[in-house]
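Me: I have a structure open and want to talk it through. Can you take my questions as they come?

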Amino acid sequence: MRYKRLLKDKLASKFMLILTILSSLIVFLIAFGLYQRSRSILATKSLTELLFSTSWHPLKGEFGFFPFIMGTIWVTGVAVVIAIPLCLLTAIYLSEYAHRRIREWTKPLIDLLAGIPSVVYGVWGVLVIVPMIKNHIAPFFGRISTGYSVLAGGVVLAIMIFPIIIHVSVEIFSSVPYEVREASLALGATKWQTVKHVVIRKALPGVIAAIVLGLSRAFGETMAVLMVAGNVAKVPSSVLDPAYPLPALIANNYGEMLSVPLYDSALLLASLVLLMVVLFFNIISRVVLTTVERRVQ
Amino acid sequence: MDRRKIEENIFKSLMIASTLIILSSLMIILITVIVNGLPAMNLAMITQTPKGGYYLGKEGGILNAIVGSLYLAGGATFLAILISLPVVLYLNVYAKKGSRLVIFTRFSFDVLWGVPSIVYGAFGFSIMLFLGVRASLLGGIIAVSLLILPIMSRAMDEVIRMIPEELLDASYALGATRFETALKVVTRQAMPGILTAVLIAFGRGIGDAASVIFTAGFSDYIPYSLLRPVATLPLAIFFQLGTPFPEVQNRAYASAFILTVIILIISIVSRILARRFTKHIVK
């Protein structure tokens, strides 16, 4: 009887260990799987050629990712520019100024924002942002635009990355020890001066990590951007031009990709590129965040 | 002296303004979905599958997508529980605290959490090519379970980590093995938190489109087998919005309304469970 229990314990332990090791290797498995599939296109052209060519003609066997990479960078850039000031001010307000009750009310609302599916953001973008750009913003600058543009994608993405940036930066601001603030206040600094010179300086690496996390979220976001960014395979030259970001390209061509040679391989290479960029950003910001966390403890 | 006060006030009002902007963007999104979706709602939307010519504005509903999404997210959640619960229990009960494996696993879940869903879709697709499976419920379940695995594991890990060490010690002192402690003490103590984690993951699974676009396909019928293609709500919204007909676009808004309501219900239920959990925690 006792042996049976011990045996059960041993077996469970081994089983769980194997499962743990396997699941921590999923990242590598994904990278490897995508690499296997993209090898056939890498055999015909070099990676740099694919990344920097602007010619996208799958039927002729030309797969230049440059317009899509630039599309992604434009859309992500606009999103980050909009999100940074709003999120940081909100995070400072929530962690330094707001009453506890306000904090308790806003947190679930921001969590709710994080839970809204990206298609719903897309629908909202099509209904609200796109017409607004078409009817008001573009004419204001004397331009004609369908509304489906870098700006529309950027605005929708900015809202989608609000929750993560706010969540992580509030945590970072709250982890700054209270004594540091008291020291500054005791010297006669106002609350804002304390925040500006002490809290932000202390929290800076963590805040940057939070922004990078948001940025990498925006980088890989697919559906909402696909619905509002316009999807024209050309390098955009202003925020009112349409863009065709990399994730949208991958999602939009699932239908035809098996009928054109190398097409599927090219799209899976695009996913691999996306994965690598996002992994790079994520690993850096996670390392920064764990170091900050450890320092506080 | 005065300038400092003015600066303080300017920044304070800027902060309040940006908080209000962010909260009102949530309100505007919800209001837009309700205002556009509610008038287009009717009983047929949620009780019928698409009839012939549905995408041209003829009769029918999106029952296929609602049921499909529930099947898909349900299956994926089940699969993700089977993997993440043992892993999280291993990290917190069996493994030595602060060991390399623990740190590495937590880190890799953190990183996985940031991987875009389209990449999971593409990876799922390449597995399916490898196994020779066509776009199907099974393919979708695999891709979505990979997507929600890190979300679920991290959320479970956070609750199980909070269980006091003494509780485990008490169980060991009574002669229980670690396995029995993990199953009968840890899991039970963390149950509401685990359910919350499961619900959060389920919500993400229902709402995600990019991972199923390659893997689950689309179908006007409710699938009767794992190997049949399946419709999902997000893709149904996407396709209906893409048609040039206003009546069908209105149905897209109604479908977005249905999806949002499902997500809101899940979120509220998980919030209630989370509150119950904090009430019972031993401090």
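Me: Charges on chain B first. How far apart are the mean positions of the positive and negative ones?
Reply: They are 3 Å apart. This is a predicted model, so every value here is computed from it. Chain B has 24 positive and 14 negative charges.

Me: And chain A, how far apart are the centres of the two sets there?
Reply: The centres lie 7 Å apart in chain A. That chain carries 26 positive and 14 negative side chains.

Me: Switching to folds. How many helices and strands does chain B have?
Reply: Twelve helices and zero strands. From the N terminus on, the elements of chain B run α-α-α-α-α-α-α-α-α-α-α-α.

Me: What about the secondary structure of chain A?
Reply: Chain A has twelve helices and two strands. Its pattern along the sequence is α-α-α-β-β-α-α-α-α-α-α-α-α-α. The two β elements follow three helices.

Me: What does the C-alpha trace of each chain span?
Reply: Along its principal axes, chain A spans about 75 × 70 × 35 Å. For chain B the figures are about 70 × 70 × 35 Å.

Me: How much of each chain is buried?
Reply: In chain A, 52% of the 297 residues count as buried. In chain B, buried residues make up 54% of 283.

Me: And the accessible surface?
Reply: Chain A comes to about 13,800 Å², with 67% belonging to carbon and sulfur atoms. Chain B comes to about 12,800 Å², and carbon and sulfur atoms hold 67% of that.

Me: Which share of the contacts joins residues at least 24 apart in chain B?
Reply: 74%, among contacts between residues at least 6 apart in sequence. On that basis chain A gives 73%.

Me: Now the packing. At what angle do α3 and α8 of chain B pack?
Reply: About 110°, with their axes 11 Å apart. Helix α3 covers residues 63-94 of chain B, and α8 covers residues 178-189. The angle falls in the range of 65 to 115 degrees, so α3(B) is roughly perpendicular to α8(B).

Me: Which residues make that contact?
Reply: From α3(B), B:L89, B:V93 and B:Y94. From α8(B), B:R178, B:F179, B:A182, B:V186 and B:T187.

Me: Staying in α8 of chain B, I clicked on B:T181. Buried or exposed?
Reply: Buried, because its relative accessible area is 0%, and the cut-off for buried is under 20%.

Me: What does B:T181 touch?
Reply: B:L168, B:S171, B:Y172, B:A176 and B:V186. That leaves out residues up to four places away in sequence. B:V186 also takes part in the contact with α3(B).

Me: Any helices crossing between the chains? Where do α6 of chain A and α1 of chain B come in?
Reply: Their axes come within 10 Å and cross at roughly 80°. Here α6 is residues 118-140 of chain A, and α1 is residues 2-37 of chain B. The two helices are therefore roughly perpendicular to each other.

Me: Which side chains should I look for there?
Reply: The α6(A) residues in contact are A:V120, A:Y121, A:W124, A:L127 and A:V128. The α1(B) residues are B:I28, B:I29, B:T32, B:V33 and B:N36.

Me: Last one. What is phi of A:N231?
Reply: Near 55°, a positive value in a residue other than glycine. Most residues other than glycine have a negative phi.

Me: Where does A:N231 lie?
Reply: In the loop between α10 (223-228) and α11 (246-252) of chain A. A:N231 is partly exposed, with a relative accessible area of 21%.

Note on methods:
Residues are numbered from 1 along each chain as its sequence is written. Chains are lettered from A and ligands numbered from 1 in the order in which they are written. Side-chain values use heavy atoms; hydrogens and water are left out. Helices (H or I, at least four residues) and strands (E, at least two) are DSSP runs, numbered from the N terminus. Buried means under 20% relative accessible area, exposed over 50%, partly exposed in between (1.4 Å probe, protein chains only). Contact means heavy atoms within 4.5 Å. Accessible areas come from the Shrake-Rupley method with a 1.4 Å probe; for residues, only the protein chains shown count as cover. Lys and Arg count as positive and Asp and Glu as negative; His and the chain ends are not counted. The place of a charge is taken as NZ of Lys, CZ of Arg, CG of Asp or CD of Glu. Axes are lines fitted to C-alpha atoms, for helices over the stretch in contact, and angles run from 0 to 180 degrees between N-to-C directions. Angles under 35 degrees count as roughly parallel, over 145 as roughly antiparallel, 65 to 115 as roughly perpendicular and the rest as oblique.
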